[in-house]
Amino acid sequence: MPPEPQLPAFAAAYAPDDAALASDLLDTATLTPDREARIDNVATGLITAIRSAEHVFGGVEAMLREFALSTKEGLALMVLAEALLRIPDASTADAFIEDKLGQGDFAHHRIKSDAVLVNASAWALGLSARVVHAGETPQGTLAALTKRIGAPAVRAATRQAMRLIGNHFVLGETIEAALARAHAHPREGRRYSYDMLGEGARTAEDAERYFQSYAEAIMAIGHTAGNAALPARPGISVKLSALHPRFEAIGRDRVLRELTPQLLELARLAKGHDLAFTVDAEEADRLELSLEVFAACFADASLAGWDGYGLAVQAYQKRAGAVIDHVAELAQALDRRVMLRLVKGAYWDTEVKRTQERGLSDYPVFTRKPMTDLNYLHCAGKLLSLRPRLFPQFASHNALTVATILELADGSSDGYEFQRLHGMGEALYARLLAEHPQAVCRIYAPVGGHRDLLAYLVRRLLENGANSSFVAQAGDDNVPISELLTRPAALIGRPEDARNPVIPLPRDLYRPLRINSRGIEFGDRAALDALLSEIESARKPLPTVVSATKEHAAATITAAHAGFVSWSRTSAAHRATILERAGDLLEQRRAAVIALLQDEGGKTLDDCVAEVREAIDYCRYYASEGRLLFEEPVTLPGPTGERNTLALRGRGVFVAISPWNFPLAILLGQITAALMAGNAVVAKPAEQTPVIAELAIRLLHEAGVPRAALHLVQGDGSIGAALVEQPDVAGVVFTGSTEVARVINRTLAAKDGPIVPLIAETGGINAMIVDATALPEQVADDVGASAFRSAGQRCSALRLLCVQDDVAERVIAMIAGAARELKIGDSRDPSTHVGPVIDVEAKTRLDAHIARMKREARLHFAGTAPASDNFVAPHVFELSRASQLTEEVFGPILHVVRYKAAQFDELLDDLAATGYALTLGVQSRIDDTVARVIARLRTGNVYVNRNIIGAVVGVQPFGGSGLSGTGPKAGGPHYLPRFALEQTVSINTAAAGGNAALLTDGE
Ligand SMILES: Cc1cc2nc3c(=O)[nH]c(=O)nc-3n(C[C@H](O)[C@H](O)[C@H](O)COP(=O)(O)OP(=O)(O)OC[C@H]3O[C@@H](n4cnc5c(N)ncnc54)[C@H](O)[C@@H]3O)c2cc1C
């Protein structure tokens, strides 16, 4: 056997600096004046064709002109389109339609175009436009219409209109139908690449179903593919995220082991029919893993001799050029040819948001549209020069981009093709092919039922309706053609202007008040490996910690009292600087802290990273808030001759009692708030995590907090009680169970002397309400994260899922299927999703609850956990009523109840009756439903269409009321004042004998 070729590895910086990239791209962007003139000429022809052909084609361009994204109607259209067709029950569909029609002024939306699609969508949304009198409101119109023809008729009409839009974008509901439609009007040179629609797989069953559908599609396409040779043969595009339920960077080994053979099998099938076979490009954090899977499959000897294997590359990613070089090297090493589709990219908004959430140093994508365009052209030039090893496929609906490529190829159409999406770009390519009969445009043709179409449709609408998009601008007659011809290089100008000034770097999100904590991207293998090796070298055996005695506890309060005197006299600026220094030290020592959080707290890598970031954010947030609140007294209005000020100052000694589940973040949050307010602190951490507490206190001392002002007392609950009992305690801040909070409250109340504040954050029976408009895949992701992440040991974790009856079966099955894919095990293994619970006591309690639930509830899912250590596997139980769950179960156990749409209010009553009010999730596309829930339940943190954990300091201030806590919210603007005394000073400035100021100001 010949030796396996050594494959080149992909290595490129994840998010390099824009200016450096721009300077390279700008250098190569200039063409000679005659070439530029030819580009102008061709592009002008294409744009003119788009503008004049619009009515003939009635394409999305026309529809977007009617309902631009910048209008309420446009937004409502998208939301409507996304959710309507998956709502099975009539009443929710009616409520949904009513809600959306109420948002936009459809009644007065004049129809500007008579293209079929526009009318269809306008009709769907603004039936009223034809039947109401001027001056009526959309709400009134809808009410009147519904009264006349009935809600079912409005609903049916709306659905029908949505179907029309669906047909426009989807070639067929099945591959057979799509093939039939493609073959119905055979045109010379027309090629298709079929795409099986659907959200990414969340369960093994989903992945299997997608695999089968790809396999069947390949066979069907192959059988009707005719006799032409590649590249003039049809093809298929596959999404790796559809073929594996956990296609994620931290699961690299598993993905390579399980996904590569699947992809290979499909590729072999495609090779059997000599089809084109493209791996679609997905999110930036999946790029490196995608490339590994792509290369592993490509290298398989069974694919030798086939030129149809291909990859899509996104030019909005800064690494696009490096990806092309890498693929070319692979093809060279294997002596094969490969197809390479160059797109600009479909997930830009998601990339920007994620990068900000993850606190990365920079964006993996460009933040100015002309940079994407410039990079596209640069990559296009590269691809053309790599022919025939690479077969370039240029996917764009941008006339200037297309015209420039034609010029880069010297007007020739050899050895590459253009591509467009079905339902888009018809006019542009009709003109291009008329003028360049040798040119070829392949059509990317989505195939799928209407339910699967929606996410795709929304992406298309979002992308093309955005102001920046070429399609939207070309459709707007107010934009002169000359503007559309402005070259990306001219729009960028200087390299230092390559970055979008209105999109701050993640680090600067909260400036000028503070800097954001630094995160890490697990999809950046180099960064992940560096962090992992730092963590490994920082690991140390855990020292034994001795508990304090009650006498020691008492003495510490006295000592802290002495410390308070001088600390309270320091300036707020001084205290803030120390806290900021503590935040910086934590950031520098992140790896050592993570090692400890894992070893002592049993936390997974992503939980550790999030916790360290939260702790840093607390230091910086309270520092910035403290500067605002404590530095200068506030001057109050009053009569002349008097000065009135209000100042905040420390109360005395605060006892801070923190839990084991956030042994660093909550501990530091409590302490830094109390210190910032000018108090001395005696901290009593949980007895399960004393070493982390020691590290945190040492770090604060190192940052400059005097030892006399900050003390650590180790021990269990009895030591906490001993501290709280002391007469000189000026306040208690506590996070833990409701029972212990009550005990502390009673102890404080029983003492003579000053009445002191208790700030308590306790537990919750946190619920998530899911109605029929919610997207099941999103629900599965959000429920999985909320219920099982951190082994369910967060006070914010989801305990009770309430699903509308009509969709419950599918939603619960998807949640259970997704839970089955979670890896339970050693939290030091980065691929672990669920680590152990904190101790044997917790495990025993949870096991007992599981045993009881197995008797009293319906089991939907029971995971399997390693027998050793304190593991508790995720479980899903269905209860008959919400009230069956009477207490917080602090582990990875999800309870589910079904509710009927008509009994929604009763459900809300049941939730209110628990008495807890910490976190709550609502998954619904109906704004009115969301508003009803918020109005009825006074839950502290409400999360809509997302998970319910991971509150960010200063962004989602955290804490509840009722049985869930006293408030104020940690990480919020009202927290610090609760730790302080208020002092008003009123000075009679005229006491010395006269009011000089008044006399000076008087005329
Ligand atoms: C055949 C075909 C296959 C496709 N396959 C894929 C695929 O596998 N993966 C994928 O992701 N997409 C894919 N797409 C979608 C494709 O990415 C979009 O259709 C494409 O981005 C639109 O580009 P354009 O040249 O037509 O439009 P233009 O309007 O010229 O460009 C739009 C691009 O600019 C980007 N952009 C907008 N604002 C900014 C900004 N401020 N900073 C930086 N960039 C910005 C947008 O995100 C988008 O990528 C495919 C498209 C086609 C036609």
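This report walks through a predicted model, from its confidence scores to its ligand site, two enclosed helices and a few unusual backbone spots.

**How far to trust it**

Let's start with confidence. The chain has an average pLDDT of 90, and 88% of the residues score at least 70. Two stretches deserve some caution. Over residues 55–60 the pLDDT stays under 50, and the model has 17 contacts there beyond four places in sequence. Residues 105–143 also stay under 50, with 84 contacts beyond four places in sequence. Where pLDDT is low, the predicted coordinates should not be read in detail.

**Around the ligand**

Now for the ligand. It has 31 residues around it, and the closest are G345, T372, S396, H397 and F470. Sorted by kind, the shell holds twelve nonpolar, ten polar and nine charged residues.

Three polar contacts with the ligand can be set side by side:

| Residue | Atom on the protein side | Ligand atom | Distance |
|---|---|---|---|
| K369 | polar side-chain atom | oxygen | 2.9 Å |
| T372 | side-chain N or O | nitrogen | 2.7 Å |
| F470 | backbone N or O | oxygen | 2.6 Å |

How much of the ligand's accessible area does the protein cover? On its own the ligand has 960 Å² of accessible area, and the protein covers 94% of that. Several elements give two or more residues each to this shell: the strands β4 (309–314), β5 (338–343) and β7 (417–421), plus the helices α17 (369–385) and α20 (450–465).

**Two helices that are mostly covered**

Next, have a look at helix α18, which spans residues 399–408. Nine of its ten residues are buried. They are A399, L400, T401, V402, A403, T404, I405, L406 and E407. At the start of the helix, N398 gets involved: one of its side-chain oxygens comes to within 2.8 Å of the backbone nitrogen of L400. After the helix comes D410, with a positive phi near 55 degrees.

Helix α27 (residues 590–601) has a similar story to tell. It is largely enclosed by the rest of the structure, because ten of its twelve residues are buried. The buried set is R590, A591, V593, I594, A595, L596, L597, Q598, E600 and G601. What do these buried residues pack against? Their partners are α24, α26 (572–588), α28 (605–630) and α30 (690–703). Just past the end of α27, G602 has a positive phi of about 65 degrees.

**Odd spots in the backbone**

A bit of background helps here. Most residues other than glycine have a negative phi, and most peptide bonds are trans.

With that in mind, look at two prolines. The peptide bond from R511 to P512 is cis, with omega near 10 degrees, and P512 sits in the loop between α23 (488–492) and α24 (525–538). The bond from G967 to P968 is cis too, with omega near -5 degrees. You'll find P968 in the loop between β24 (961–962) and α38 (975–978).

Then there are two loop residues with positive phi. S790 isn't a glycine, yet its phi is positive at about 60 degrees. Its loop runs between α33 (776–788) and β17 (800–804). D869, another residue other than glycine, has a positive phi near 60 degrees, and its loop joins β18 (858–862) and β19 (875–878). Are they buried or exposed? S790 counts as buried because its relative accessible area is 12%, whereas D869 counts as exposed because its value is 52%.

**Two more residues to find**

H849 is part of helix α35 (residues 840–856). With a relative accessible area of 7%, H849 is buried. Leaving aside residues up to four places away in sequence, H849 touches V889, I893 and H895. With H895 there is also a polar contact, side chain to side chain, at 2.9 Å.

Last up is N167, in helix α9 (residues 151–169). N167 counts as partly exposed, with 38% relative accessibility. Which distance separates N167 from G449 in space? Their C-alpha atoms are 9.9 Å apart, while their positions lie 282 residues apart in sequence numbering.

Note on methods:
Residues are numbered from 1 along each chain as its sequence is written. This is a predicted model: local features need pLDDT of at least 70, side-chain atom pairs count only at pLDDT 80 or more; totals for chains, interfaces and linings use all residues. Side-chain values use heavy atoms; hydrogens and water are left out. Buried means under 20% relative accessible area, exposed over 50%, partly exposed in between (1.4 Å probe, protein chains only). Helices (H or I, at least four residues) and strands (E, at least two) are DSSP runs, numbered from the N terminus. A polar contact is a pair of N or O atoms within 3.5 Å; within protein, one must be able to donate a hydrogen and the other to accept it, and residues adjacent in sequence count only if both atoms are side-chain atoms. A residue is near a molecule or strand if one of its heavy atoms lies within 4 Å of it. Accessible areas come from the Shrake-Rupley method with a 1.4 Å probe; for residues, only the protein chains shown count as cover. Ala, Val, Leu, Ile, Met, Phe, Trp, Tyr, Cys and Pro count as nonpolar, Asp, Glu, Lys and Arg as charged, and the others, Gly among them, as polar. Contact means heavy atoms within 4.5 Å. pLDDT is the predictor's confidence in each residue, from 0 to 100.
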